[in-house]
Amino acid sequence: MDGAGCKRICDALKHNVALEDLDFSFVEIDDEGCVHIAEMLRQNKALKKLRLRSSSITWSGCKFLFSSLVCNTTLTDLDMSRNFIGNEGVDIISQHLAKESCIKKLNLENCGLTAFGCEPLCCSLLNNSCLLNLDLSNNFIGDSGARKLSKAIEENTTLRCFGLNMCEITNDGFSSILDALEGNKTLHVLKLCYNRLGRDSSNPEANSENLRYRIKIVTSSRRS
């Protein structure tokens, strides 16, 4: 499907009141497609879930898309995974999340995010009271990004599921996350598969034995 096909579908959905789930995944709609989707979202009042996985979208398309969400209150589930929007795109998303966003589930897996981009994202999560599920897996976050996100984990009171799989996090970054979890009572699921946990750490307090003990403390306090 080309841009013209995307436009025809979006034009049809401007006044559609039945369709709730739209999946454009693995269709190269590019940034041009985001322009058509944005125009549709400004008028559509039914769509709840939009999947744009691997759709060749950059930060430019991200800007068009999120500009339309300012006036859309029905879309709550957005999958932007496997689009190289980079830190520029995540900064645009962060500005939206810091306002009165209606997004409850956001997938940014494999989007080219680095530790630098975690700073505005963290700030937005401190003010956001709607997002329940955020996936940042397979990004270049590392221990530096994990430390920045830890502040959001500690103070955010609505997030229930946080995905950080394959983010190059070692014991040092995990130690910061555990510090945050001691003060967080609302996060139920934290995904950390395929990271570098168990490797040598620069912080002597972040050895694996100590971290295992701290995990028991955090999980037992939640059960009680």
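Here are some friendly notes on the sheet and on helices α2 and α4 of this predicted model.

1. **The sheet.** A good place to start is the open sheet, which is built from seven strands in the order β1-β2-β3-β4-β5-β6-β7, with parallel pairing. Its edges are β1 and β7 (189-191), each of which pairs on one side only. On average, and with direction ignored, neighbouring strands of this sheet are turned by 5° against each other.

2. **One strand pair in detail.** If you would like to look at a single pairing, try β3 (residues 77-79) and β4 (residues 105-107): three bridges join them in the parallel sense. Within this pair, Asp77 stands opposite Lys105 in β4.

3. **How α2 and α3 lie together.** Helix α2 covers residues 30-41 and helix α3 residues 59-68; their axes come within 8 Å and cross at roughly 0°. Angles under 35 degrees count as roughly parallel, and α2 and α3 are therefore roughly parallel to each other.

4. **The residues between α2 and α3.** From α2, the contact involves Asp31, Cys34, Val35, Ile37, Ala38 and Leu41, which meet Ser60, Gly61, Phe64, Leu65 and Ser68 of α3. Sorted by class, the contact of these two helices has seven nonpolar, three polar and one charged residues.

5. **Length and burial of α2.** The twelve residues of α2 should span 16 Å at 1.5 Å a residue, and the 17 Å between its end C-alpha atoms agrees with that. Buried residues of α2 are Asp31, Gly33, Cys34, His36, Ile37, Ala38, Met40 and Leu41. Several of these also appear in the contact with α3, among them Cys34, Ile37 and Leu41. The cover over the buried residues of α2 includes α1 (3-13), β1 (21-23), β2 (49-51) and α3, so it is worth displaying these elements together when you inspect this helix.

6. **Length of α4.** Helix α4 (residues 86-97) also has twelve residues, and from first to last C-alpha it reaches 17 Å, close to the 16 Å expected at 1.5 Å a residue.

7. **Burial of α4.** This helix is mostly covered, with nine of its twelve residues buried. Those buried residues are Gly86, Asn87, Gly89, Val90, Ile92, Ile93, Ser94, His96 and Leu97. Among the elements that cover them are α3, β4 and α5 (115-127). Note that α3 is thus named in the cover of α4 as well as in that of α2, while β4 is the strand that pairs with β3.

Conventions
Residues numbered from 1 in each chain as written. Predicted model: local features only at pLDDT ≥ 70, side-chain atom pairs only at ≥ 80, totals over all residues. Heavy atoms only, no water. Axes fitted to C-alpha atoms, helices over the stretch in contact; angles between N-to-C directions. Helix = DSSP H or I, 4+ residues; strand = E, 2+ residues; numbered from the N terminus. Parallel < 35°, antiparallel > 145°, perpendicular 65-115°, else oblique. Contact = heavy atoms within 4.5 Å. Nonpolar A, V, L, I, M, F, W, Y, C, P; charged D, E, K, R; others polar. Expected span 1.5 Å × (residues − 1). Buried < 20%, exposed > 50% of the residue type's maximum accessible area, 1.4 Å probe, protein only. Pairing = 2+ DSSP bridges.
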